[in-house]
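Visitor: I am new to reading protein structures. Could you show me one and explain how its features get their names?

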Amino acid sequence: MPHNVFQIEGSEIGADVMGEEKIPNVLIYENAEGSLGVLSRLVAEPASYHAVVKRAYEICYKKSSLLSDEEREKLIPADYTNLLNYYNQPYHQLIDVRKIYNTLCIMMNADIEVRSAGQYQSYDKQYEALEAARDHNSSTEYEFLKYLYEHKLRLPDKAQPMFPEQYYVQPDFMYGDRIVIFCDGTPHDLPEVQEDDRNKREVLEDAGYIVIAWHYATSLADFVAAHSDIFIPIS
């Protein structure tokens, strides 16, 4: 259905049935040279996701409102005005709009929340966990975390992550397993502290980590905007 919303050719979005018969899955992929950016938009933009699901519902059932019981009883499995096409001929006997009605209704009303790999808590619970784990002597960590939460931006995966002893450093926050965040308050204005910071952070960079530091004198809005690929909006 994405091609109906994003004005692309149906053949540019591919789909393959995968998995065992009792636990089936569908792999959806972009089947064009280069990246169309369609599937990433479905993840990053809730409005695009809802537009695709709404259009799928309209195509399957020829209306945008819920079907009455009488209308549902009159449904036929599928035809060439809705789901059947040349590309899915091997599955024509399996395709049935009646079987996906309830699922589409749920998807149309679903709220979207993007979580990082390994993040299993809700956004609010993740914030609470990070707030509990951060250094409570650091006002910059507090302000940083609070800003992300209040602006509904992607939260770190860890606070005060433990690092191997050879690094002799502990970042304030961490995204995934490679991006580390330091929140530098007034103690980091001292020349000797700045030198120590530089040495430790260079060690991390040499080890392949992406090191990002926010200094309290920089506005959080500017800092976040400079790293918008990390601090993405969460809906």
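Visitor: How many salt bridges does the structure hold?

Guide: Welcome! The model you see is predicted, and the structure holds 13 salt bridges.

Visitor: What makes Lys54 and Glu58 a salt bridge?

Guide: Their side chains meet at 2.6 Å, N to O. The cut-off is 4 Å between a Lys or Arg side-chain nitrogen and a carboxyl oxygen of Asp or Glu, so the pair qualifies.

Visitor: Where do Lys54 and Glu58 lie?

Guide: Both belong to helix H3, residues 46-61. They are four residues apart, about one turn of the helix. Arg55 joins in too: Lys54, Arg55 and Glu58 are linked in a network of salt bridges.

Visitor: Why is Lys54 called partly exposed?

Guide: Its relative accessible area is 40%. Partly exposed is the class between under 20%, which is buried, and over 50%, which is exposed, so Lys54 falls into it. Glu58, with 21%, is partly exposed as well.

Visitor: How do you know that Asp184 and Arg201 form a salt bridge?

Guide: The side chains meet at 2.8 Å, N to O, and the limit is 4 Å, so this pair counts. Asp184 lies in strand S5 (residues 179-184) and Arg201 in helix H8 (residues 191-206), so the salt bridge ties together parts that are 17 residues apart in sequence.

Visitor: Are Asp184 and Arg201 buried or exposed?

Guide: Asp184 has a relative accessible area of 8%, and Arg201 has 11%. Buried means under 20%, so both residues are buried.

Visitor: What else does Arg201 lie over?

Guide: Arg201 lies over the face of Phe182, at 4.1 Å from the ring centre. The distance limit for such a placement is 6 Å. Arg178 offers another example, over the face of Tyr209 at 4.4 Å from the ring centre.

Visitor: Which salt bridge joins Lys200 and Asp196, and how far apart are they in helix H8?

Guide: Their side chains meet at 3.1 Å, N to O. Being four residues apart in helix H8, they are separated by about one helical turn. Lys200 is partly exposed at 26%, and Asp196 is partly exposed at 36%.

Visitor: Let us turn to the rings. Why is the pair of Phe144 and Phe231 called edge-to-face?

Guide: The count comes to 12 aromatic pairs. In the pair of Phe144 and Phe231, the ring centres are 5.9 Å apart and the planes stand at 75°. Rings pair within 6.5 Å, and an angle over 60 degrees counts as edge-to-face, so the name fits.

Visitor: Which parts does this pair tie together?

Guide: Phe144 lies in helix H7 (residues 139-150), and Phe231 in the segment after helix H9 (220-226), so the pair ties together parts that are 87 residues apart in sequence. Phe144 is buried with 0% relative accessible area, and Phe231 is buried with 2%. Together with Phe173, Tyr175 and Phe223, these two form one aromatic cluster.

Visitor: How do you know that strands S1 and S2 pair?

Guide: Eight bridges join strand S1 (residues 13-20) to strand S2 (residues 23-30). At least two are required, so the strands count as paired. They run antiparallel, and a hairpin joins S1 to S2 through two residues. You can find Glu20 opposite Ile23 in S2.

Technical notes
Residues numbered from 1 in each chain as written. Predicted model: local features only at pLDDT ≥ 70, side-chain atom pairs only at ≥ 80, totals over all residues. Heavy atoms only, no water. Phe/Tyr/Trp six-rings, centres within 6.5 Å; stacked < 30°, edge-to-face > 60°. Buried < 20%, exposed > 50% of the residue type's maximum accessible area, 1.4 Å probe, protein only. Lys NZ or Arg CZ within 6 Å of the ring centre and 35° of its normal.
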